[in-house]
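User: I'd like to talk through the aromatic rings in a model, with the reasoning behind each label. Could you take me through it?

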Amino acid sequence: MKIITKPAYIDNKLVELMGKYTNYYIATAWASMNSNAASKLLDNKRHITKMVVGTHFYQTHPDFIKIFASHRNVKFILKTDKIFHPKVYLFSDENGNWECLIGSANFTQAALTKNDEIMIHITSNDQGSEKIFTDILETIDSYWEYAEEMTEIEITKYTNIWKKNKTKLDSLKNVYGGYKSKKSMIKSNILSLQWDEYYKKIRGTINEKDYSFSERIEVLQKINNYFTEKQIFSSFTKLQRKQVAGLIDDGSEIEWKWFGSMVGAGVFHSKINNNDPNISNALNCIPLTGPVNEANYNQFIKIFKQAFPAGKCGIGIASRLLAMKRPDYFVCLDGQNRPALCKDFGIPQKIDLETYWEQIIARIIDSVWWSSSCPDDSRKKEEKQAWNGRVAMIDAIFYQLKE
């Protein structure tokens, strides 16, 4: 009897046992392809005597089901009254020799390549092996009794549901846009906060740093009035467009350069001055009220880029405009907040137009405070205003003065 803990060793041991024995008895909560063991199983599927695979939480990959569902000795657990959670791999031959791996590792790529797993390796030479072998076979037989074959229609239905829930499942693993954060969301200073806690943060009452909360709220309110009144960005006056774009300090009491000063963006400045229609058309893709989704954002960047045929359309200027139109969904990502924000999220600082939604906005939308209900009328007016601009106001937390 041995203990195996490294995933690569577990993968290699499964490959070794498949090559050594002629009968495979497998029960696993979840399964996927893209491991050495999965390839070996595919090559030797004639040796599968009984294999039972779970489908709970849609963690078994549809590709695995499509490949093995037609095998007469492979069934799946579709009942939802309890969780099917074993990980048992028994291999035997006609001479009474056998070996078995039992432990935590599912038959998935993650379990066999990178997860922390532990398996017990038992053989027919171990003490009490005869009863162990019988008990394992009886247990797998009991699983087999309530397992089911999957029809083509059921596979299609499962695949559709799996696709629909994949983004949700990935977010629970802290994977966005195919990139897994280097830190748990629990380690973030903001993503797991309740609204009241987050509100204290943006007001600056948790530490002594001056976030100029009221000034920021005033900027958001004033610009919201512009969009509510005129709807279309191109119908704004030149002064209003420059205020929205963070390109001006007009000497008024309002500090328009909160949420990202863009005064150094010369090409952008010219486009705003000349009222480039592509910028206004791009902003039209983002509804002024109601939900905003990734498709809205992707249409925005497609049109926004048309205003900058020679480039110079970085995430800073684009996110500034987005944050001003929909501060409940977008934050201006610039040099003053990017280092601290990306550090808190556990992601690289290299964020561009193509990765901004997946890496920044999708994470924020999954945060606790973002999903909170709007404060009721008994709360202070400024708190409701802050909730309406809750994503843009992240800048108040991560903003760092230039040295």
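**Aromatic pairs and their labels**

Analyst: Gladly! Y158 is buried, with a relative accessible area of 6%. Keep in mind that this is a predicted model.

User: Why is Y158 called buried?

Analyst: Its relative accessible area is 6%, and buried means under 20%, so the label fits. Y58, in contrast, has 29%, which lies between the cut-offs of 20% and 50%, so Y58 is partly exposed.

User: What makes the pair of Y58 and Y158 tilted?

Analyst: The structure holds 26 aromatic pairs, and this is one of them: the centres are 5.4 Å apart, with 45° between the planes. The centres lie within 6.5 Å, and the angle is neither under 30 degrees nor over 60, so the pair counts as tilted. The two residues are 100 apart in the chain, with Y58 in the loop between β3 and α3 and Y158 in helix α6.

User: Why is the pair of F84 and Y143 called edge-to-face?

Analyst: The planes of F84 and Y143 stand at 85°, and the ring centres are 5.0 Å apart. An angle over 60 counts as edge-to-face, so that is the name. F84 sits in the loop between β4 and β5 and Y143 in helix α5, so the pair ties together parts 59 residues apart in sequence. Both F84 and Y143 are buried.

User: How do you know that K82 lies over the face of Y146?

Analyst: K82 is at 5.0 Å from the ring centre of Y146, and the distance cut-off is 6 Å, so K82 meets that part of the definition. R216 lies over the face of Y399 in turn, at 5.6 Å from the ring centre.

Technical notes
Residues numbered from 1 in each chain as written. Predicted model: local features only at pLDDT ≥ 70, side-chain atom pairs only at ≥ 80, totals over all residues. Heavy atoms only, no water. Phe/Tyr/Trp six-rings, centres within 6.5 Å; stacked < 30°, edge-to-face > 60°. Helix = DSSP H or I, 4+ residues; strand = E, 2+ residues; numbered from the N terminus. Buried < 20%, exposed > 50% of the residue type's maximum accessible area, 1.4 Å probe, protein only. Lys NZ or Arg CZ within 6 Å of the ring centre and 35° of its normal.
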